[in-house]
Amino acid sequence: MDALPLRSRGVSNFVALRRNLTNHVVTGMAIISTILVLVPLVAIFGYLLYKGASSLNLAFFTHVPVPVGESGGGMANAIVGSGVILGLASLLGIPVGIGAGVYLAEYARGTWLGAAVRFTADVLNGVPSIVMGLAAYALIVARQQHFSGMAGSVALAIMMVPTVTRTTEEMLATVPKSVREAALGLGIPKWRTVLSVSLRTASPGIITGCMLAFARVAGETAPLLFTAFGNQFWSFDLNQPIAALPLQIYVYALSPYDEWHRLAWAGALVLIVLIMASVTLVRIFANRGVLKGGN
Amino acid sequence: MGVDIRVENLNAWYGPVHTLHDVSLHIPANHATALIGPSGCGKSTFVRCLNRMHETSPGARADGTVLMGDLDIYKDATPVEIRRRVGMVFQRPNPFPTMSIYDNVASGLKLNGFRKKRILDEVVERSLKQAALWDEVKDDLKKKSGASISGGQQQRLCIARALAVDPEVLLMDEPASALDPVSTAKIEDLIFKLKSQYTIVIVTHNMQQAARVAENTGFFLMGKLVEFAPTTKIFTNPSDKRTEDYITGRFG
């Protein structure tokens, strides 16, 4: 049977016109919003390229900072230092976050403790990063009587936990009950079902959550001010002050010297590119060998 | 080989709601037994009590005796032990979406720590052949996801997955209700072939299906087992007026 024309189904010309118009308006608003999101991103990145790229050279990646007045020097120690601090922060923060997310999604549904953990995670997410730095200062630096890369990692790890926890919980909640029942029905114990079925099914979303948390803390300066402190020389000792890109950028950008300003721009560019590169690498790595479902 | 199942005074609750009332019946070994009845009559709850799946729902509990052979499944065993001996096939095909076809079938063994590749290969092939799926998927065993094949194939994959752990009982909760008639016929053929080796309990909305595959049929209504008898008797000469009303289509 042929579809009846709109008119004979009781839809007037006016109503049809209005629906069409609404459709166009909403689509237009979605496009405008997308542009509004993309423009600042592209602008910032472009400006960083414009200001920073010219100061980039091999020395930037191989040399440590030089004293004021001397030209040249680089941020090699800060790049490596950031890598070390972030690596340890991820090692500490991601397992704890995933563990808490699994607890919330698989074991604590409807319990008061679950609700308390969830609420705490949300509050923790809203705590200003400088407060995290002060907390790590009070807990570690003040007791040890010296700044340390370790304290910086702990501060960043605590910042990662709530994001990782909540995304893990949300992603596990999207795993259908029927898939869990299939595993339980095969006589697979609950812990194994959680590890090999629920977490595995939810893993793409959980990895995205971890990457979001990583990217967020990678650029943090405030938590490192009172913890990692910064260092003008090579040092990978996590028990000592250690250099980090955001700290170096902060110090250079606040300085009165043009040479340091240029290096700060270059540092910001390198920081952003490194974050993008690590997120991209993890995605490629995580997607390898993952079979895609048909429906 | 299958075992018989003896159920005595089984009651089940979802929170405060009493969904199953004093059900007692004897399911013979190596036969297919069908459970029919209108939606919400308790037949699904009943089969979920036979592998202690019922108690995984929040607030759910069951009370009574279920003997599988000589084993009292609520007293002498843990739910995990029971479920290794009782396979289950669900209403909607539920393959593990991130696993290959091979890993789906092998999952019951692999995730319980079994690793011998040669034996796994054999079990996967045997189970897929038993489920009449081998010829359709043998070239894509490790290439395709369990969720990438058609719905009917997915359901046979789920049957193969259940058979791979060598259960004694196979519970099927409306296994064909989400499938087209051709896939349904394939599932019914399978049940017919498998019932000489396994004790099969099948919940179905489709009375013709019960008549085609099962030796015995139980009729559930409002959480009670109204009648349990040989299938031919249920469909030709039921003793209870309510059974007759249901199978003649007067309600439900």
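In this predicted model, helix 7 of chain A, residues 177-185, carries the buried residues Arg180(A), Ala182(A), Ala183(A), Leu184(A) and Gly185(A). The cover over these buried residues comes from both chains: it includes helix 8 (190-218) of chain A, together with helix 2 and strand 6 (86-89) of chain B. After helix 7 of chain A comes Gly187(A), which has a positive phi near 80°.

**The contact between the chains**

Helix 2 of chain B, part of the cover of helix 7 of chain A, also belongs to the side of chain B that touches chain A. On that contact, 22 residues of chain A meet 25 residues of chain B. Two helices of chain B, helix 2 (79-85) and helix 3 (101-110), each supply at least two residues to the side that touches chain A. Helix 2 of chain B gives the most, with 3 residues. By residue class, the side of chain B that touches chain A divides into 11 nonpolar, 10 polar and 4 charged residues.

**The two chains as wholes**

Chain A comprises 11 helices and 0 strands, and from the N terminus its elements run α-α-α-α-α-α-α-α-α-α-α. For its 295 residues the globule rule gives 19 Å, whereas the radius of gyration of chain A is 25 Å, well over that value; chain A is therefore more spread out than a compact globule. Chain B, in turn, has 10 helices and 10 strands. Its radius of gyration is 18 Å, close to the 18 Å that the globule rule gives for 252 residues, so chain B is as compact as a globular protein of that length.

The table sets out further values for each chain.

| Chain | Box of C-alpha atoms along the principal axes | Buried residues | Contacts joining residues 24 or more positions apart, among those with a separation of 6 or more |
|---|---|---|---|
| Chain A | roughly 85 × 55 × 35 Å | 37% of 295 residues | 72% |
| Chain B | roughly 55 × 40 × 30 Å | 49% of 252 residues | 69% |

**Helix packing in chain A**

Two packed helices are described by the angle between their axes and the distance between the axes. Two pairs in chain A are described here in these terms.

Helix 5 (residues 129-144) and helix 6 (residues 149-173) of chain A pack at an angle of about 135°, and their axes are 9 Å apart. This angle makes helix 5 of chain A oblique to helix 6 of chain A. The crossing of helix 5 and helix 6 of chain A is right-handed. Helix 5 of chain A contributes Ser129(A), Met132(A), Gly133(A), Ala136(A), Ile140(A) and Val141(A), which meet Met150(A), Ala151(A), Val154(A), Ala155(A), Ile158(A) and Met159(A) of helix 6 of chain A. The residues of this contact comprise 10 nonpolar, 2 polar and no charged.

Helix 10 (residues 245-254) and helix 11 (residues 258-287) of chain A pack at about 155°, with an axis separation of 8 Å. Angles over 145 degrees count as roughly antiparallel, and helix 10 and helix 11 of chain A are therefore roughly antiparallel to each other. Helix 10 of chain A passes helix 11 of chain A in a left-handed crossing. From helix 10 of chain A, the residues in contact are Leu245(A), Pro246(A), Gln248(A), Ile249(A), Tyr252(A) and Ala253(A); from helix 11 of chain A, they are Trp260(A), His261(A), Leu263(A), Ala264(A), Gly267(A), Ala268(A), Val270(A) and Leu271(A). This contact holds 11 nonpolar and 3 polar residues, and no charged ones.

**Backbone angles in chain B**

Most residues other than glycine have a negative phi. Two aspartates of chain B depart from this: Asp22(B) has a positive phi near 45°, and Asp166(B) has a positive phi of about 55°.

Asp22(B) lies within strand 2 (residues 17-27) of chain B. There are 12 other C-beta atoms within 10 Å of Asp22(B), so it is exposed. Asp166(B), by contrast, is found in the loop between helix 6 (151-164) and strand 7 (169-173) of chain B. Asp166(B) counts as partly exposed, because it has 17 C-beta neighbours inside 10 Å.

Definitions and conventions. Residues are numbered from 1 along each chain as its sequence is written. Chains are lettered from A and ligands numbered from 1 in the order in which they are written. This is a predicted model: local features need pLDDT of at least 70, side-chain atom pairs count only at pLDDT 80 or more; totals for chains, interfaces and linings use all residues. Axes are lines fitted to C-alpha atoms, for helices over the stretch in contact, and angles run from 0 to 180 degrees between N-to-C directions. Helices (H or I, at least four residues) and strands (E, at least two) are DSSP runs, numbered from the N terminus. Angles under 35 degrees count as roughly parallel, over 145 as roughly antiparallel, 65 to 115 as roughly perpendicular and the rest as oblique. A crossing is left-handed if the near helix is turned anticlockwise from the far one by less than a right angle, and right-handed if clockwise. Two residues are in contact if their C-beta atoms, placed from the backbone, lie within 7 Å. Ala, Val, Leu, Ile, Met, Phe, Trp, Tyr, Cys and Pro count as nonpolar, Asp, Glu, Lys and Arg as charged, and the others, Gly among them, as polar. The radius of gyration is taken over C-alpha atoms; the globule rule is 2.2 Å times the number of residues to the power 0.38. A residue is buried if 20 or more other C-beta atoms lie within 10 Å of its own, exposed if 12 or fewer, and partly exposed in between; C-beta atoms are placed from the backbone.
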